[in-house]
Amino acid sequence: MSIEPGAQITVHPLLPAARFPGQLSEEDFLPLAYRAMYLARIIEDHLVELYHKGYVRGTVALGRGNEATAVGIGMSLRPGKDVTSLLHRDLAAHLLLGSSPYQVFCQYLANGESPTHGREGNVHYGDPRHRRLPMISHLGKMLSLVVGGTWAARRRGEDVFGLAVIGDGGTSTGEFHESLNIASVHNVPVLFVIENNYYAFSTPISAQYRCQLLSDRSKGYGITGQSIDGTDPWLVYSTIQEMFELMRRDPAPAILECFTLRLCGHAVYDKCEYVSKEQMERWMEQDPVPNVRKLLLDRQLADEEDLTAFETAAKAEIQDIAKRALRVRRPEVPTSDWGVYASGVLPKLAPVRTKQVKNGAAVNMALDYILKTDPRAVILGLDVGRYGSAFKTCKGLWERYGGDRVIDMPLGESGILGFALGAAQVGARPVVEFQFADFSTESVTQLALNAATWYFRCGWPMPLLIRLPCGSGLTMGAFHSGEFEGLWARFPGLKVLYPATAQETFEALVAGYYDLNPCLVFEHKLLYWSKSGDIDFDGDLDAVWRPRLYTEGSELTLVAFGAMVHEALAAVSKCGRSVEIWNPFVLQPLRIEPIIDSVRKTGRLLVVQESCRAQGLGDRVIAEVCGEVMGSLRKPPAILSAPDAPVPFAPELEAAFRPNATRIEEMITALLA
């Protein structure tokens with residue numbers, strides 16, 4: 001899941017660099033910086049040409065004017081050791097950190113040898129194996145991953161820094177502040193580099209923020225910050241080196257604002273008409289590529305003949321690489337498996353057997369088992385430490401394993417999730433508890449669009465366990481009573497489990513932890529301390545991933561989730577009819593083959609869900625079943641659900657809102673009439 005510290009990565013032969021703590025002199029640095037800047041510039045020139053010829057897919061976001069900042073970043077970091085996430089205009093840094101020009105062209109051409117195998121476009125690539133985390137378009141969302149990855153590496157004893165890039169517009173996002181706060185609280189040495197090019201797409205900084213300098217925001221987090229000229233590559237490089245040295249002596253985050261340029265539109269289709277001609281002319285005079293070339297000649301650090309020879313050779317090489325990339329085959333179209341989920345050999349675990357355990361205690365036992373079995377495991381969340389979590393499911397873990405493994409996080413669910421995603425890429429195995437499933441909506445982007453797509457985009461696992469205390473029945477109102485299984489089970493790449501018994505709860509948490517994908521486990525709050533059962537876990541993780549059968553029957557197939565399983569059992573015990581009760585248990589990817597066989601046998605299907613009809617998963621279950629057994633149905637399938645409304649607060653209203661055993665019995669009677 002991670003590489004050894006200091007592992008060597010191949011960098012383009014024209015782009016050698018001394019990495020921190022080594023530092024080049026200005027005289028040695030500038031010739032190398034110019035090579036990297038020039039190479040990035042001509043690669044992008046070729047990409048623009050290929051775009052206009054119709055070969056490049058999507059678009060091209062150019063780093064023209066930003067090369068000096070990107071080079072300062074790239075020549076400071078240690079490839080494969082320091083953790084970073086770069087942005088649209090950092091091609092030079094990608095090249096300095098191990099991305100080859102050939103890979104860049106293949107990526108933009110979306111061919112069969114692109115780093116993402118044609119699954120993701122243009123700038124959305126990286127190398128998570130070597131700690132260069134691939135960006136997503138939701139600005140600010142990658143910052144917390146760099147914080148988590150850096151924290152995880154340092155937890156392993158590595159002398160590692162993080163560098164997270166964000167634009168001036170991206171500093172307005174909540175994740176920017178959440179990430180800074182988490183890094184500050186936990187003393188994680190991440191340098192937040194703000195590339196301020198005066199425009200976020202077409203929005204000027206005057207409409208983006210009111211402070212004089214974005215680096216001033218460091219004061220609110222008790223950290224250092226400074227602003228510099230980002231068109232001076234030596235200034236960027238030497239400043240980063242100085243800030244890393246400060247971080248080495250006193251680990252803490254910092255902000256570096258680089259005033260850089262965007263000498264073109266946001267992307268190749270943007271004519272940049274919102275920038276005046278006079279302003280653009282002034283900026284063109286600050287273009288770092290020709291200016292550094294002139295500086296080399298003026299200071300006699302290179303002569304015209306050498307520079308011309310390098311430029312000629314570089315142009316020829318890049319042109320040859322572009323032609324080679326154009327000849328590459330197109331990506332193969334999958335026939336069935338689109339490669340959404342990572343797979344691997346699961347360990348055989350020690351068995352666990354115990355009698356009469358409440359569901360909440362089963363959660364605690366599973367977490368204790370995970371922490372005791374795997375030293376990589378850490379628990380992250382709100383009030384999970386000394387307090388033992390809101391429902392006391394983490395009680396005693398902080399005392400047994402310490403505050404460096406059972407960790408109270410600052411309030412900020414999206415930042416916590418991003419932190420966990422980054423940590424999962426650098427050797428940690430996080431378990432994240434949302435205080436309530438309702439609060440998981442704060443992290444939809446991180447979970448559904450970042451974690452869920454990670455393996456599809458990168459071909460690299462994202463092992464992560466997320467716990468979701470959910471459900472109504474405790475009179476907590478609309479913001480503390482939701483289930484949301486219908487939401488999370490709709491995103492490919494996530495795995496979703498919904499246990500109903502102590503045995504299932506223990507198994508779901510342990511199996512979800514050892515899976516190589518982001519796994520969500522729903523834990524119904526009403527069942528925590530109201531239901532008990534035996535646990536008999538034989539250590540076979542593969543056997544966990546199956547639907548669960550509670551009663552056999554021949555007249556009706558009843559499918560239920562969570563607390564509704566127990567309501568269904570109560571209803572069937574009273575009605576005296578032959579009903580087969582199933583819990584799919586694995587809601588994503590939905591595995592209901594035995595349920596389909598059951599409906600073939602009974603000819604009737606009833607789905608009972610606590611969620612309202614529009615929000616639950618019952619419609620999908622019915623669609624999947626009907627697609628296979630329509631001819632076997634004796635009656636149309638039915639759903640018994642809550643009304644399409646938020647969960648009410650008053651006990652009388654909530655009791656009427658939730659499906660119960662009486663209503664289930666009435667529905668069974670109607671279906672069997």
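Two strands count as paired if DSSP finds at least two bridges between them. Keep that in mind for the first close-up; every view here comes from a predicted model.

**View 1. Strands β20 and β21 run side by side in the parallel sense.**
β20 covers residues 605–612, and β21 covers residues 638–642. The two are joined over 4 bridges. For one of the contacts, look at L606: its bridge partner in β21 is A638. How many of the residues of β21 are buried? The count is 5 of the 5, so this strand is largely enclosed by the rest of the structure.

**View 2. A helix joins the picture to make a β-α-β unit.**
Pull back a little and you'll find helix α20, residues 618–629. Together with β20 and β21, helix α20 makes a β-α-β unit, and the unit is right-handed.

**View 3. This is the largest cavity, with a volume of about 90 Å³.**
Searching the whole structure turns up 6 cavities of 30 Å³ or more. Which residues lie nearest the centre of the largest cavity? They are H88, L91, Y108, V123 and Y125, out of a lining of 13 residues. Three helices, α1 (26–52), α3 (91–96) and α4 (101–109), each put at least two residues into that lining. Sorted by class, the lining has 9 nonpolar residues, alongside 2 polar and 2 charged.

**View 4. Here is the second largest cavity, at about 60 Å³.**
Its lining is made of 12 residues. Closest to the centre sit P79, G80, L97, H130 and R132. The class split for this lining is 4 nonpolar, 3 polar and 5 charged.

**View 5. C106 is a buried cysteine without a bonding partner.**
A disulfide is a covalent bond between the sulfur atoms of two cysteines. If you're hunting for disulfides, the search of the whole structure finds 0. Why is there no bond for C106? The closest cysteine sulfur belongs to C458 and is 17 Å away, too far for a bond, given that a disulfide needs the sulfur atoms within 2.5 Å. C106 has a relative accessible area of 0%, so C106 counts as buried.

**View 6. C612 is another buried cysteine whose closest cysteine sulfur is too far away.**
C612 has its closest cysteine sulfur in C470. The two sulfurs are 14 Å apart, so a bond is out of reach. Is C612 buried or exposed? C612 is buried, because its relative accessible area is 11% and the cut-off for buried is under 20%.

Terms used. Residues numbered from 1 in each chain as written. Predicted model: local features only at pLDDT ≥ 70, side-chain atom pairs only at ≥ 80, totals over all residues. Heavy atoms only, no water. 1 Å grid on protein atoms, 1.4 Å probe; cavity = no way out; pocket = protein on both sides within 12 Å on 5 of 7 lines; lining within 4 Å. Points joined across faces, edges and corners; volume = space filled by probe spheres on them. Nonpolar A, V, L, I, M, F, W, Y, C, P; charged D, E, K, R; others polar. Buried < 20%, exposed > 50% of the residue type's maximum accessible area, 1.4 Å probe, protein only. Right-handed = clockwise from strand over helix to strand, strands pointing away.
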